[in-house]
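I opened my notebook beside the viewer today and jotted down what I looked up as I went along. Here are the entries, in the order I made them.

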Amino acid sequence: MNRTPNRVPTRFALIAAMALSANLTQPVRAHDSTDAAPGWTFAIHGGAGTMDRGRMTAQQQAEYKAALQAALDAGSAVLRNGGSALEAVRAAILLMEDDPKFNAGRGAVFTWEGANELDAAIMDGRDRSAGAVTGVTSVRHPILLADAVRMDGRHVFLSGAGAEEFASDKGLETMPPEWFATDARRDALERLKAEKLSAMDVDHKFGTVGAVALDSEGHLAAGTSTGGLTGKRWGRIGDAPMIGAGTYADDRVCAVSATGAGEYFIRAGVAHEICARMRIGREGPQVAADAVMAEVKELGGDGGVILVTPAGEAVFSFNTTGMYRGRATSGGVNEVAIFTE
């Protein structure tokens, strides 16, 4: 991971040092207020959870970092070339939905019945238009389906068969069930049933993926995609597709994507609560994010968030031992990380 000093006496004021005393990082900025050129900021996550450095081989760490870097590069390239925040969010999540290392799209966890049910949400900070889907089983890229719902504009949240029908009407790519399935996720379900475990016992890492962006026009966007929890039943829905819980964007204040134990994130309204604290309470992004994640912890939940602000700050906050994450800015920051460092 690239390292930069806490204070850089140049026109690009970058703060990229990782906090040593807590499970969070310090914010970075795209550029300072004296910059004439517009800046951009981009951040991604691939899930948070119980991550033991000693139990991940060097090769596994390298593979995850490479996957994170590829997604970070995809979104950064969009922004660097003048693309929109929404386009950058989609570009990064598309790659992670196809990567079986993450719990989204291909590689999603199994429900109790042995199916892969996919959720996603996306939000445009310009007008707070949003789209979300839950319980889809054949759409290759749920994030594109969520964005199609957003662009259609008649509804915000579609589920199950109706969402599948809408995807067909929009001509979105579908795949057979076996394309989403992986042996590792099937083994997790079998172990959960055989050993009578909870989803938390087998899902040590919440592999939900997400991205947040500030583009050079000053607009924000957020997106999140997930397969949910191993062994989920009865049409369970987590926070990822819920606008205001796991995903939120508002040009006035911030864009947030969350990952973790969804029930607690729903109860705390995490994504919107962070933005509300910043807009109404005038708290800084790190203070607001840490405070809300502390509330989640008090409720009994684990996980983390990524967020960016109109000023170009990029912030991570998580109450677990690690979070797959990365961030990049027009000022030159480009870093990925896994553990608390």
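Entry one, helix 9. I started by asking which residues of helix 9 are buried. My list reads Val270, Ala271, Ile274, Cys275, Ala276, Arg277 and Met278. I should say right away that this is a predicted model.

Next I looked up what covers those buried residues. I found strand 8, strand 9, helix 8 (262-268), helix 10 and strand 10 included in the cover. Just past the helix I checked the backbone as well: Arg282 follows helix 9, and its phi is positive, near 60°.

Entry two, the sheet. I traced 4 strands that form an open sheet in the order 8-9-10-11, with antiparallel pairing. Strand 8 (247-250) and strand 11 stand at the edges with a single partner strand each, so one side of each has no neighbour in the sheet. I also noted the twist, which averages 10° from one strand to the next.

I then went back to helix 9 (residues 270-280), which packs on this sheet and touches strand 8, strand 9 (254-260) and strand 10. Its direction makes about 145° with that of strand 9.

Entry three, strands 10 and 11. How many bridges join strand 10 to strand 11? I have 5 written down, between strand 10 (residues 303-308) and strand 11, and the two run antiparallel. For a landmark I picked Leu307, which stands opposite Val315 in strand 11. Helix 10 (residues 285-299) lies across strand 10 and strand 11, and I noted that it runs at about 20° to strand 11.

Entry four, Phe316. I found this residue in strand 11 (residues 314-318). Is Phe316 buried or exposed? Phe316 is buried, because its relative accessible area of 2% falls under the 20% cut-off. I also looked up its distance to Pro285: the two are 31 residues apart along the chain, and their C-alpha atoms are separated by 9.4 Å.

Entry five, the whole protein. I finished by zooming out to the totals. The secondary structure comes to 10 helices and 13 strands. Buried residues make up 57% of the 341 residues. Of the contacts with a separation of 6 or more, 69% are between residues 24 or more positions apart. For the surface I wrote down about 13500 Å² exposed, with carbon and sulfur atoms supplying 51% of it.

Definitions and conventions: Residues are numbered from 1 along each chain as its sequence is written. This is a predicted model: local features need pLDDT of at least 70, side-chain atom pairs count only at pLDDT 80 or more; totals for chains, interfaces and linings use all residues. Side-chain values use heavy atoms; hydrogens and water are left out. Buried means under 20% relative accessible area, exposed over 50%, partly exposed in between (1.4 Å probe, protein chains only). Two strands pair if DSSP finds at least two bridges between them. Axes are lines fitted to C-alpha atoms, for helices over the stretch in contact, and angles run from 0 to 180 degrees between N-to-C directions. Contact means heavy atoms within 4.5 Å. Accessible areas come from the Shrake-Rupley method with a 1.4 Å probe; for residues, only the protein chains shown count as cover.
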